[in-house]
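Notebook open, viewer open. I want to look up a few charged side chains first, then the helices and the surface.

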Amino acid sequence: MAEIQPLLNNIYLQVEDDEQQMIEPDKNIATRRIASLDVFRGLSIFLMVFVDYAGSSLPIIAHAPWNGLHLADFVMPMFLFAAGVSLAIVYKVDYLARKTENRFEATWKAIVRAAKLFLLGVFLQGGYLHGLTSLTYGVDVETIRLLGILQRIAIGYIAAAVCEIWLPRQAWKKNTFLRNYIWHWFAVIFLCAIYIGLTYGLYVADWHFSDSYSLSSLISENGTTIHTVTCSVRGDLGPACNAAGMIDRYVLGIDHLYQKPVYRNLKECGVSKGGQVSESSPSWCYAPFEPEGILSSLTASVACIIGLQYGHILTELQGHKNRLCNWFLMSVLFLVIGSILALIGIPINKSLYTISYLLVTSAAAGITFCALYLLVDVYGWRRVAFTFEWMGKHSLSIFVLVTSNLIVIALQGFYWKSPHNNIIYWIVSHVVQK
């Protein structure tokens, strides 16, 4: 854990900064911390914990079933944004950008860090711990989930790191900020173009899958239900026939996807309070779907690269006013473009990580970071945000212990006479489910 902790907390550099002081673009910047970045990360982890535990009682803050934007849908983009900002600071040291041999070394270190985070995500979300109602553990390698939250952050991290280490940049020129990192923006356009081409260009044929738990008149010899989903389309953005799901089924295998997709909360699926899909529901309601899938990882990586550009503003521009103005203008631009795309028919969709969702949530993350920077680093309200700052410094540990239910599962291991007589089971049965 000690080796992995720096990956999410890496270089949330804190500067003792007030209205008269400015961050100088020198090599010592990599030894400091930015308090508002820690606070931003802490706010992100707090929101994750809040929506995870309160979302079942307050559906309005849980993930939107498909199209739309709820509070929970802002969390992942905030994590990716913070990772990008952090990378800009850690790679500020000039030798990483100037010497080829150090580029190879930096790339290798980034790959190792991303691999550690990815494997930790597989371990935590692969089914090793069996949840609140079970005292067993173990992993069925035939159904282990391969992608997830930490895996997505790892992918975004390595994509942004490669851009920062290898893509050329111009010498700093005043009032031409975007031109200094024009190759980064070309990378953004390139990734978005691939995403759009695959999303709207791939032909999605009819597909079928087996399910051992549903009721159906079409039963195979081994007792499982065979579902058929009729598609034969291109460019569909619905839950049944989108290209993202098809890619994941072919590459990862349907058994390695997320087994309880959020789209089951749609009215078409008619899910009961116990989480059972109605027998009369469309066949795709029974199918697994990976919200952190391969295709959507392209635009998720773009979110991290966008955070990288906010970090460049932090490290390159001097003075609070210049930074805040550039951050705010960039955020407003993203918000306007994302809103226009949503209005012309590209839905805001977290599961597909659509371009409109990418831009709107990146804008929200940017505006939030502006506000926290103004309050914490400019006006010095650091004591007020102390809790969030502490959470930000220990974000990975909190994620592992709380949002992955390790603390919860550990607590439920203490029971009175019967395994069901534990405090966690009592809270779930008497508070959450009422």
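Entry 1. I started with R145 and E292, whose side chains meet in a salt bridge at 3.0 Å, N to O. R145 sits in the loop between α5 and α6 and E292 in the loop between α9 and α10, so this pair ties together parts that are 147 residues apart in sequence. I looked up the cover on both, and R145 and E292 are both buried. A reminder to myself: this is a predicted model.

Entry 2. Which other residue does R145 meet in a salt bridge? I found E290, with 2.6 Å from N to O. R145 is in the loop between α5 (100-125) and α6 (149-166), and E290 is in the loop between α9 (243-251) and α10, so here the parts tied together are 145 residues apart in sequence. For R145 I get a relative accessible area of 11%, which is under the 20% cut-off, so R145 counts as buried. E290 is buried too, at 1% relative accessibility.

Entry 3. Next I went to K350. I found K350 in the loop between α11 (320-343) and α12 (355-378). Is K350 buried or exposed? The relative accessible area is 9%, so K350 is buried. Its side chain makes a polar contact of 2.7 Å with the side chain of E292. I then listed the contacts of K350, skipping neighbours within four places in sequence: H63, W66, D73, P291, E292 and Y357. I also checked K350 against F74: the two are 276 residues apart in sequence, but their C-alpha atoms are 8.9 Å apart in space.

Entry 4. I moved on to a pair inside a helix. K393 forms a salt bridge with E389, and the closest N and O atoms are 3.6 Å apart. Both are in helix α13 (residues 386-393), 4 residues apart, so about one helical turn separates them. Their cover is not alike: K393 is partly exposed at 30% relative accessible area, whereas E389 is buried at 4%. Back to the earlier group: salt bridges that share partners join R145, E290, E292 and K350 into one network. For the whole model I noted a count of 6 salt bridges.

Entry 5. A sanity check on helix geometry, using α10 (residues 296-316). How far should its 21 residues span? At 1.5 Å a residue the expected value is 30 Å, and the end C-alpha atoms are 31 Å apart, so the two agree. I also looked at how covered α10 is, and 20 of its 21 residues are buried.

Entry 6. Last, the surface. I found a nonpolar patch made of F328, L329, V332, L335, V336, I340, L343, I344 and I367. Together they have about 850 Å² of accessible area. Which helix gives the most to the patch? That is α11, with 7 residues. I picked L335 as an example, and L335 is found in helix α11. Its relative accessible area is 35%, so L335 is partly exposed. That value is over the 30% a residue needs to be counted in a patch.

Entry 7. Quick recap for tomorrow. The network to reopen is R145, E290, E292 and K350. The surface spot to reopen is the nonpolar patch, with α11 as the main contributor.

Conventions
Residues are numbered from 1 along each chain as its sequence is written. This is a predicted model: local features need pLDDT of at least 70, side-chain atom pairs count only at pLDDT 80 or more; totals for chains, interfaces and linings use all residues. Side-chain values use heavy atoms; hydrogens and water are left out. Helices (H or I, at least four residues) and strands (E, at least two) are DSSP runs, numbered from the N terminus. Buried means under 20% relative accessible area, exposed over 50%, partly exposed in between (1.4 Å probe, protein chains only). Contact means heavy atoms within 4.5 Å. A polar contact is a pair of N or O atoms within 3.5 Å; within protein, one must be able to donate a hydrogen and the other to accept it, and residues adjacent in sequence count only if both atoms are side-chain atoms. Patches are made of residues with over 30% relative accessible area and no salt bridge: like charges are joined within 9 Å, nonpolar side chains (Val, Leu, Ile, Met, Phe, Trp, Tyr) within 5 Å. Accessible areas come from the Shrake-Rupley method with a 1.4 Å probe; for residues, only the protein chains shown count as cover. A salt bridge is a side-chain nitrogen of Lys or Arg within 4 Å of a carboxyl oxygen of Asp or Glu. The expected span of a helix is 1.5 Å times one less than its number of residues.
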